[in-house]
Structure formats: structure tokens, C-alpha cells
Amino acid sequence: MSGTCVIGLQWGDEAKGKLVDLLAPQFDLVIRYQGGANAGHTVVSGDETYKLHHIPSGILHSATQNVITPGVVINPETMIGEIDGLIQRGITCENLRISERAHLVMPWHIAEDRQINATQLRGESIGTTNRGIGPCYRDKVGRTHAIRMTDLVQPQRDERIRTVAEQKVELLKNLGASEDELRSIAPDVVVETATRWAERLSPMIADTTEFLLSAAESDKKMLFEGAQGALLDIDHGTYPFVTSSNSSGVGVCAGAGVPPRWINTVLGVCKAYSTRVGGGPFVTELDDEIGNRIRTLGNEFGTTTGRPRRCGWFDAVAVRYTARLSGVTRLALMMMDVLAHLDELKICVAYELDGQRVTHFPSHADQLRRCKPIYETIPGWKQPVDDARHVSDFPEGAMAYVRRIEELVGVPVGILSVGPDRVQTILTEQADELHLQPIA
């Protein structure tokens, strides 16, 4: 059985969705294992562009089973809206299963998120998308107020939801929620809403843990799709400026319910430069004309939020850390076309921390904030690569940049991307381990 993971190695937005869409036809299952509707995966197919938040990026391929597992937190309203949008465009979503163990983002979680986001950390937002993801994960761990997908189809559903809603109304009233917010989480309102959710989603609800274990034992090919990026991992990222789940490779097994023995390939996805949304330290950030140019050329605005992304040079210290953390076996280097417009490029090869040169990634945000980048400068190739379809089409300067990243990160590059379209994806000679057919 071939189990392959697609993991973002930076702060998200690395174009993972494009790769999952490309790889999906070669797999029996595409599995989303963590995060929530704060994910934004863009898939371009011909003249059509799909922006996916909850649903796995393999949904466009009817022969591929798409699975959402217990590690994901689901906003049913968003899920139904996304399903309806796909159906209107001819995608039936009949190949989608949702774990009965997945937790639900309830209306009160979104109200709580707004209250939390109103409080900044040292004047800096931690970057929440106000979609209730953090409060939902908090209730999942707290257990008392958690609602799972399976609760929608239990006889005690209305009683359970009404009890939690009553407690949440009192909590949010004390937190200063508005009258409109309190009305939106009134017990009768939420019970009625949950009834509608159950009617729409119950045919898709399943024991995905049993399903995936049986699939693994039957030698099915499984593709695991990560959300966000490894530097946003709740345990291993730039805490507290992180997401609320394990978004690095260490979260795959826990989120999906599939033991590590079934996973043998990890594709680490990173841009040819760095971006970040929200607050938190960003060692290679370019708050200048070059940073603005990269943002414009790369259309660096969030799929989910529309927020402009902070841009900077490629940070090899950070990517080496996340590649090791996630067990990456091959890299996918995206957005190479953006750098083709720059005269010279820089790669961060080490940090200066309190006067010392360091090559490890600090665990404390304050330490990381004090780090200064130590750069190597590489001449730009100043030649468009949008039309490249083979490695031989790349100028030597571009390949020199790729080889230096391979050396610094310690992992071969198997895929290069030069644009959003499927055909703008090139397999290198190092792609053999991915066992992929030529991308058409």
C-alpha cells in the first residue's frame, strides 16, 4: 500500500491544493486529517477555479474517494454551502465521507472567536480567522461542551445541543457579546439549525477510522492532505502565533486514525520564497519594495480571508526544521515563476541570535523575533519560466537556485511549479520516489 502525505512546510498557502488535485487520480482515497474552514486550497482546472475550505482537493475526481477524518473540525453551514456550490458546477460530492468523530464548529464558537480576537497579544494579533476553529478545538479537549458529527444523528441531539447552548449564552453574555450574537446562539435557533444540518449531511457521515484501516489493509493507495503549514503547528510551530491543530507531518496519524506503518512517502510543499498571514515573528520578512513586488507578482492574498500576505526571502533554516519534523522525502518547490522577475535572490542560510550564528529553529517566539537573517545572494535568472514543461526548459540560474535549496534543506526537489495550471507542474529526475505518472 502506498500512503503519501502532502504537507506544507511554511506558514500555509504553499499551493498544496494544486498538488493534491494533480495527484488524486493516481490514488484511491484523498484524506483531509486536520484543521477546519480556515484552510483555503485553490484548484485550477482549465478555465475553472475552485476554492476549497473543508472539502478535500481530490473532490473533482469522481473515481477518488474523499474522506474527512476525526482530526478536522467542521462548520456544517460552511460545509453545506461548499457542497451546494460544487453541485451547481457539476461536482456531485457523492464521493465524500465525513467522520462521525469529527467535532462541529457551532455558532457560539464563532462568537467566542470574535471576543478572543478582540484581545491582542502584546499589540499583535495571533492571526485567527474568526471562524471558530480555536474555540472548537478547546471544547474538544475540554469535552464538556463538545458536539461531534455523530451527535447530529443521535436521539438525544436536541437535548444535548439545547443544554450546551444555554451554558454558552450565559458565558458569552458575560464576555460582552452583542444582542445579535446572543440571538444567533439561542437554544431554539441552534436546535432548528442542527436539524437541518442532520438532514443534509447524515448520508455522508461514516466511521472513517474503520473505513481507512480496512482500506489500508486492502492495499488501497491513500493520499493525505494537510491544511495550513508546519510552522503553524500548535506544538511545534511559532507558538502562540499558530493554528489549533498539528499541521506538521506529526499530526497525520493522530488526525486520520491511520498508523504510521501505512505511510511511506511525504511530499513537503514550499514556495520559492516565504509568506505569512497574521502576526508572529518572520525572520526573512521584506517590508520594502521587493516584498511588495513579490506580493503583487504572486497574488499573495489569502484564499479564505483575502488578507495580504507578508512576503520575504526563502528561509532554509525554517524549512529544514519542518522538513525534518515532518519526515519529508521529497520537496515540491512552488511559485518559481514569481522569482523570474527579480534581479537577484537571497536565501537565509542561518540566523544571528544575540550575536551568535545559529542554524537551528528557536522554539520561543521572542527568540525568533530577535533573530537576524544571514543571507546568501544568488543572481536572478531574469527569464520567464511560465512555459517550462520539463526541467531542461529552466535556465541554469533557476536550477542553481533549486540545487542550493536542496543542499540547505537536505531533501531532493521532486516537483517544480511555474503557475497555477495543472500543466505548469514539472517532475524532476528526483520524482521517482513519488511513483507518479507524467502530469497532463
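Start with helix α7 (residues 187-201): at 1.5 Å a residue, its 15 residues should span 21 Å, and the end C-alpha atoms are indeed 21 Å apart, so expectation and model agree. Keep in mind that this is a predicted model. Beyond that helix, there's a 10-strand open sheet to walk through, plus a two-domain assignment for the protein chain and a few backbone oddities in loops.

**Helix α7**
- The buried residues here are Pro187, Val190, Val191, Thr193, Ala194, Trp197, Ala198 and Leu201.
- Those residues cover an arc of only 165 degrees around the axis, which means they sit on the same side of α7.
- Turn to the face pointing away from that buried side and you meet the exposed residues Asp188, Glu192 and Glu199.

**The open sheet**
- In what order do the strands of the sheet run? Going across, it's β9-β7-β5-β2-β10-β1-β11-β15-β19-β20, and the pairing is mixed.
- The edges belong to β9 (205-206) and β20 (425-427), each of which pairs on one side only.
- Strand β11 (residues 265-271) runs parallel to strand β15 (residues 330-334), and 5 bridges join the two.
- Within that pair, Lys271 has Met334 of β15 as its bridge partner.

**Strand β5 and its neighbours**
- In a regular strand, side chains alternate between the two faces of the sheet.
- Strand β5 (residues 65-68) has Gln65 and Val67 pointing one way, with Asn66 and Ile68 pointing the other.
- Are these four residues buried or exposed? All of them are buried.
- On one pairing, strand β2 (residues 29-32) runs parallel to β5, joined by 4 bridges; there, Ile31 stands opposite Val67.
- β5 also pairs with strand β7 (residues 96-99), again in the parallel sense, over 3 bridges. Here Asn66 has Leu96 as its bridge partner in β7.

**Loops worth a look**
- Tyr239 and Pro240 are joined by a cis peptide bond, with omega at about 5 degrees. You'll find Pro240 in the loop between β10 (222-225) and α9 (252-256).
- Arg143 isn't a glycine, yet its phi is positive, at about 75 degrees. Its place is the loop between α4 (133-142) and α5 (157-175).
- With a relative accessible area of 65%, Arg143 is over the 50% mark and therefore counts as exposed.
- Met335 is another non-glycine with a positive phi, this time about 65 degrees. Met335 is in the loop between β15 and α12 (336-339).

**Annotated binding site**
- Which residues does UniProt list under "binding site"? The unreviewed entry gives Thr303, Thr304, Thr305, Gly306, Arg307, Pro308 and Arg309.
- One of them, Arg309, lies in the loop between α10 (289-297) and β13 (310-312).
- Arg309 has a relative accessible area of 6%, which is under 20%, so it counts as buried.

**Domains**
- The assignment splits the protein chain into domain 1 (3-90 + 207-434) and domain 2 (103-203).
- How many Å separate the centres of domain 1 and domain 2? Taken over C-alpha atoms, the separation is 30 Å.
- Across the boundary, 29 residues of domain 1 are in contact with 24 residues of domain 2.

How values were computed: Residues are numbered from 1 along each chain as its sequence is written. This is a predicted model: local features need pLDDT of at least 70, side-chain atom pairs count only at pLDDT 80 or more; totals for chains, interfaces and linings use all residues. Side-chain values use heavy atoms; hydrogens and water are left out. Buried means under 20% relative accessible area, exposed over 50%, partly exposed in between (1.4 Å probe, protein chains only). Two strands pair if DSSP finds at least two bridges between them. The expected span of a helix is 1.5 Å times one less than its number of residues. The arc is that of the directions from the helix axis to the C-beta atoms. UniProt positions are given in the numbering used here, feature names are shortened, and annotations may be inferred rather than shown by experiment. Domain bounds come from an automatic or database domain assignment. Contact means heavy atoms within 4.5 Å.
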